[in-house]
Amino acid sequence: MLPTLSVFFMLIFVLLCFLGILANGFIVLMLSREWLLRGRLLPSDMILFSLGTSRFFQQCVGLVNSFYYFLHLVEYSGSLARQLISLHWDFLNSSTFWFGTWLSVLFCIKIANFSHPAFLWLKWRLPALVPWLLLGSILVSFIVTLLFFWGNHTIYQAFVRRKFTGNTTFKEWNRRLEINYFMPLKVVTMSIPCSLFLVSILLLINSLRRHSLRMQHNAHSLQDPNVQAHSRALKSLISFLVLYALSFVSMIIDATVFISSDNVWYWPWQIILYLGMSVHPFILITNNLRFRGTFRQLLLLARGFWVA
């Protein structure tokens, strides 16, 4: 029988994933409707659509993976199901990180105020390059997926044939491969988009901070609507930075620290892993006028339905 604390955290994890799936699905549906009505999407909406889609399916796959590992602990590492689940997870995870990076880069280029010629050239050219950047991200994610699939397939073949190097058990050999192959691969493949994200988000935060200070000095009041708008934008960007960094660090730690599904910390750790992709879509919704109005109407309808 499961401990009460484990059941509690498991329910929190399911609720978190469910809310994240609903929020990401809402963003995808809103932008799909706009795409059908107008026949096109703005560059920022293209990235939001891609990010929402990848997060939606990533959380669905992650939910299946977490419970499959929890229910089939012994045979998980060498099972064919691990290969199939990991194939989808690795592709979606890489795509999500790249799409989040391009969202940060585009916002930086559009909003930040710098006079460097290279920055001005990017401000002019980047919006037109967004479709190619998204296609390039998908191609890179496909290559990364193949590299991870090779490692997972090696584990599966070793489990089936029972051929390991030296006098080691399958568990020890699998753990060694996790540390010596999967962890460096994660660091290399994720550090590139994360570095671009970090540079762009810090430039944008610095630009908004300086602009907010000038507006406060000119307006002489923190109640000025423009000052409040920039303050809200700063808080949103800082939260995006924290959630993105949390996702990056947790993915790296997950490759080095083995937490078995029978460990009391398994479900809390799953909550940390999926926190960013579940919380950030709500931040996007609350900071977008189109999304916020429709989302509020849906909440009112749902409230009226439950009251009735």
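How many salt bridges does the structure hold? The structure holds three, a salt bridge here being a side-chain nitrogen of Lys or Arg within 4 Å of a carboxyl oxygen of Asp or Glu. Before the close-ups, some ground rules: this is a predicted model, with local features needing pLDDT of at least 70 and side-chain atom pairs counted only at pLDDT 80 or more, while totals for chains, interfaces and linings use all residues. Residues are numbered from 1 along each chain as its sequence is written, and side-chain values use heavy atoms, leaving out hydrogens and water.

**View 1. Glu34, Arg38, Asp45 and Arg290 are linked in a network of salt bridges.** Start with Arg38 and Glu34, whose closest N and O atoms are 3.5 Å apart. These two are four residues apart in helix H1, so about one helical turn separates them; helices here are DSSP runs (H or I, at least four residues; strands are E, at least two), numbered from the N terminus. Glu34 also meets Arg290 in a salt bridge, at 2.6 Å from N to O. With Glu34 in helix H1 and Arg290 in helix H9 (residues 289-307), that pair ties together parts 256 residues apart in sequence. Arg290 has a salt bridge to Asp45 as well, at 3.0 Å from N to O. Asp45 belongs to helix H2 (residues 43-71) and Arg290 to helix H9, so this pair ties together parts that are 245 residues apart in sequence.

**View 2. The same four residues, by accessibility.** Buried means under 20% relative accessible area, exposed means over 50%, and partly exposed is in between (1.4 Å probe, protein chains only). Asp45 is buried at 1%, and Glu34 is buried too, at 12%. Arg290 is partly exposed, with 33%, whereas Arg38 counts as exposed at 60%.

**View 3. Two arginines lie over ring faces, Arg290 over Phe291 and Arg125 over Trp124.** To count, NZ of Lys or CZ of Arg has to be within 6 Å of the ring centre and within 35 degrees of the ring normal. Arg290 is at 5.4 Å from the ring centre of Phe291. For Arg125 and the ring of Trp124, the value is 5.6 Å.

**View 4. Phe13 and Tyr274 make an edge-to-face pair.** A search of the whole structure finds 19 aromatic pairs. Rings of Phe, Tyr and Trp (its six-membered ring) pair if their centres lie within 6.5 Å; planes under 30 degrees apart count as stacked, over 60 as edge-to-face and the rest as tilted. For Phe13 and Tyr274, the centres are 5.4 Å apart and the planes sit at 70 degrees, so the pair is edge-to-face. Phe13 is in helix H1 (residues 4-38) and Tyr274 in helix H8 (residues 266-286), so the contact ties together parts 261 residues apart in sequence. Both rings belong to buried residues: Phe13 has a relative accessible area of 0% and Tyr274 has 3%. Zoom out a little and Phe13, Phe67, Tyr69, Phe70, Trp89, Tyr266, Trp267 and Tyr274 form one aromatic cluster.

**View 5. Phe240 and Tyr244 pair up within helix H7 (residues 225-256).** Their ring centres are 6.2 Å apart and the planes are at 85 degrees, so this pair is edge-to-face. The two are four residues apart, about one helical turn. Phe240 is buried at 5%, and Tyr244 is buried at 7%.

**View 6. A nonpolar patch sits on the surface.** Leu5, Phe8, Ile12, Val264 and Trp265 make up the patch, with about 500 Å² of accessible area together (Shrake-Rupley method, 1.4 Å probe; for residues, only the protein chains shown count as cover). Patch members need over 30% relative accessible area and no salt bridge; nonpolar side chains (Val, Leu, Ile, Met, Phe, Trp, Tyr) are joined within 5 Å, and like charges within 9 Å. Trp265 is in the loop between H7 and H8 and counts as exposed at 57%.

**View 7. Annotated spans, taken from the UniProt record.** The unreviewed entry puts "transmembrane region" on residues 6-31, 129-150, 181-205, 237-259 and 265-286; positions use the numbering here, feature names are shortened, and annotations may be inferred rather than shown by experiment. Residues 6-31 are 100% helix and 0% strand, with end C-alpha atoms 38 Å apart. Residues 181-205 are 100% helix and 0% strand, with their end C-alpha atoms 35 Å apart.
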